[in-house]
Structures are given as C-alpha cells and as structure tokens.
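Work through the salt bridges of the structure shown below. Each task is followed by a worked solution.

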Amino acid sequence: MMINNRYEKLKKAELGALISIAAYILVSAMKLVVGNLANSEALRADGLNNFTDILASVAVLIGLRIAQKPADADHRYGHWKAENVASLVTSFIMLLVGMQVLYSSILSVINKKTEAPDITAAIVGIISAIVMYGVYFFNKRLSEEVKSPGLMAAAKDNRSDAWTSIGTAIAVFAASFNLGWLDSTAAIVVALLILKTAVDIFKESVFSLSDGFDQTQLNQYNEAISQIKQVQAVKSIKGRSYGANVYLDVTITMKPDLTVKESHDITDQIEKLLQNKFQIFETDIHVEPSD
C-alpha cells in the first residue's frame, strides 16, 4: 500500500536527521573550543550557530517520528504535517540564533575588538565546511529520494552552515594579516546568512501549513485529467500538502446519461492516473452533469 511505503520512507529519513545531529555536535564543539582559544569572534559565532542546529535537527527527527503515527479520531488525515511543523520550528531556532549573533557581532565592531585571531581558527573552519557539505549532499539526496520536506529543510541548513564555515575561514585568514576587524565583520555576514536561510525555510513551511499549492502542478493535473475522453471539463481542482503527500479535490463534468457505475469507473481511472503519474496520495472527485 502507498501509505505503508510512505511510512517506510519517513523511517529512512530519520537517518539523515541523526547524521546531522552527530555532525553538529562534532563541529560545534570544535568551533567553540578553538574559537575561544584562537580568539576568533567569527568562529565562536559559527560554533553557536552549529550548537543550535543540534536543536533544529532534533526537532526534525521528532517531526519525522510523529509523522509516522497513523490516523486517529482527532487526525483523520494522519500526522503528516508534523514534518512541516518541524521545519517551522527549525526556522524559528535559526532566526533567534541569527539575531543573537548579529547583535554580538555588531557590538564587537562598535567596541573595536580588532585583535587578530590565530590561524588555527581558519583550519577548523575549512574542516567544518568539508564535513557539512558532505552531510548536505547526503541529506539532499536522501530527502529527494524519500520526498521529505523536513529533511530538505535540514539539508538547506547544512548547506548554509558549510557556506558560513567557508566565509569564516577566509575572514580569519585575512584577519591574521593585522586585519582583525574583518573577523568581526565576517561574524555579521554569518548572521545575515543564518537569517536568510531561516526566512526561506519559514516561508516554505508557512506556505504548506496554510494549504498553499503550486499552480503549475495543478495545471499539470488538470491537463492529465482532461485527456480522459469521458471527462467533459475539469470544473475545479484544489490541492493541499500533508508533509510530502498531496491531496486533491477535483470537480469534473460528464455526460448526464452515464450510469452511476460508469461514472464511478471513470473516477477510479482518474485516481489511478494521478497516483501512477504524479504520486498523488489521495484524490476526492465530485462529478457533475454537463449542460
């Protein structure tokens, strides 16, 4: 069954969240320790970002596990949207961290903390970037395979962290040449990148949770249904997402002289077409007689 296959994919997606948690524990500890020892404001800021990413990845893991719960009396459509809620939580955590890092970095610039950091901080930044890019590619590929919006949000966070680690390494290297102000400036850039990623994830999560749906996809479904010769017209088509599962409400018109069984057979044909061609999870079809 399609529902069992979806549960299996969500279970598989948990591996990506666990790998993210392990990677963030490693790089955040490394950055915070070395950032303090090497006197790097940018590396400390990046380490703080990675530390909170642990919480974000835990939120994704919890969301994936809740999403696997079957439908019950209070959740007739299941718990699929827990993935989208986890993505929303991730964006909030990243937003708070970005604001805190931005605030502390601006204070550093105002207070003219220009002491150059140790070059070791740059090496740690490069190592962290390599690790996080590896995690990003793994999670991106896995999220596309299992169609998990929660894991995709985690992957985007991984990529953002790889970028900020590269930026941190470059800034620390430059700051070692008596340009200590550049280290604090890089921390500001890190904060802005964190905030941008948080806003992007927030928009995507809210779009799904508020039942927003891509009109281009609806047009594709409309065109496919219209190819069935007994369908006179597609009067309306609405879509909504529960996690990665797409639910459709379709109203079609057909000749009024068709029997109930004939109409039923055609709606079955439409459901199978949408499921096989577009992996639509569930379609609710209403038939009206044509004029």
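The exercises below cover salt bridges, the elements they link and the exposure of their partners.

The model is predicted: local features need pLDDT of at least 70, side-chain atom pairs count only at pLDDT 80 or more, and totals for chains, interfaces and linings use all residues. Residues are numbered from 1 along each chain as its sequence is written, and side-chain values use heavy atoms, with hydrogens and water left out.

**Exercise 1.** State how many salt bridges the structure holds, and place the pair K12 and E145 in the chain.

Solution.
- Apply the criterion: a side-chain nitrogen of Lys or Arg within 4 Å of a carboxyl oxygen of Asp or Glu. The structure holds ten such salt bridges.
- In the bridge between K12 and E145, the closest N and O atoms are 2.4 Å apart.
- K12 belongs to helix α1 (residues 2-37) and E145 to helix α4 (residues 120-146); the pair links distant parts of the chain, 133 residues apart. Helices here are DSSP runs of H or I with at least four residues, strands are runs of E with at least two, and both are numbered from the N terminus.

**Exercise 2.** Which strands hold E288 and K235?

Solution.
- The two side chains form a salt bridge at 2.7 Å, N to O.
- E288 lies in strand β3 (residues 282-289) and K235 in strand β1 (residues 233-242), so the bridge ties together parts 53 residues apart in sequence.

**Exercise 3.** Is R240 buried or exposed?

Solution.
- R240 meets D249 in a salt bridge (2.7 Å, N to O).
- Buried means under 20% relative accessible area, exposed over 50%, partly exposed in between (1.4 Å probe, protein chains only).
- At 13%, R240 is buried, while D249 is partly exposed at 29%.
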